[in-house]
Amino acid sequence: MKIEKEKQVLFHEIRCNRCGKKLPLTPGGVPQEDFVEVDKLWGYYSGQDGVRIRFDLCENCVNEWIQTFEIPPEKEDAEEF
């Protein structure tokens, strides 16, 4: 559940969809660990046309997942924003 307050997204609970890990939050609902949010609306020419899927992955699960990729993802150092 996401609640917008003063241009900051606060959460009630965040769980990794793969391993079930509950990510720590401050008492105010700010995540204390980074995670990946996927929100995909499948379009024409897919077997799931019109279906939307949403899930979150913790950092550990993302790292394990990308190890299975035939073509590794591009990585680069980015400045904080």
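## A first look

Among contacts in the protein between residues at least 6 apart in sequence, what share joins residues at least 24 apart? Here that share comes to 23%.

What you're looking at is a predicted model. Its pLDDT averages 88, and 88% of the residues score at least 70. Confidence is lowest in strand E1 (residues 2–5), with a mean of 47, so to speak the shaky end of the scale, while H1 sits at the highest value, 97.

## The overall layout

The protein has 1 helix and 4 strands. Start at the N terminus and you'll meet them in the order β-β-β-β-α.

Out of 81 residues, 15% are buried. The accessible surface adds up to about 7,400 Å², and carbon and sulfur atoms account for 49% of that.

## The core

Now for the inside. The largest nonpolar core is made of 10 residues: Phe11, Ile14, Cys16, Leu23, Phe35, Leu57, Cys58, Cys61, Val62 and Ile66. Two elements each supply two or more of these residues: strand E4 (52–58) and helix H1 (59–66). H1 is the top contributor, giving 3 residues. As a general pattern, nonpolar side chains in soluble globular proteins tend to be buried together.

Cysteine 58 is a handy spot to explore from. Leaving aside residues up to four places away in sequence, Cysteine 58 touches Cys16, Cys19, Lys21, Leu23 and Phe35.

## The helix and its buried side

Which residues of H1 are buried? They are Cys61, Val62 and Ile66. Looking down the axis of H1, you'd find its buried residues within an arc of 125 degrees, so they line one face of the helix. It helps to know that an α-helix has 3.6 residues a turn, so residues three or four places apart point the same way.

And what lies over that buried side? The cover for the buried residues of H1 includes strand E3 (35–41) and E4.

## Cysteines without bridges

How many disulfides does the structure hold? The count is 0. Take cysteine 16: the closest cysteine sulfur belongs to cysteine 61, and at 3.7 Å the two sulfurs are too far apart for a bond. A disulfide would need them within 2.5 Å. Seen from the other partner, cysteine 61 is in no disulfide either, and the nearest cysteine sulfur is that of cysteine 16.

Are these two cysteines buried or exposed? Cysteine 16 counts as buried because its relative accessibility is 3%, and cysteine 61 is buried too, with a relative accessible area of 2%. The cut-off for buried is under 20%.

Technical notes:
Residues are numbered from 1 along each chain as its sequence is written. This is a predicted model: local features need pLDDT of at least 70, side-chain atom pairs count only at pLDDT 80 or more; totals for chains, interfaces and linings use all residues. Side-chain values use heavy atoms; hydrogens and water are left out. A nonpolar core is a set of buried Ala, Val, Leu, Ile, Met, Phe, Trp, Tyr and Cys residues joined through side-chain atoms within 4.5 Å. Buried means under 20% relative accessible area, exposed over 50%, partly exposed in between (1.4 Å probe, protein chains only). Contact means heavy atoms within 4.5 Å. The arc is that of the directions from the helix axis to the C-beta atoms. pLDDT is the predictor's confidence in each residue, from 0 to 100. Accessible areas come from the Shrake-Rupley method with a 1.4 Å probe; for residues, only the protein chains shown count as cover.
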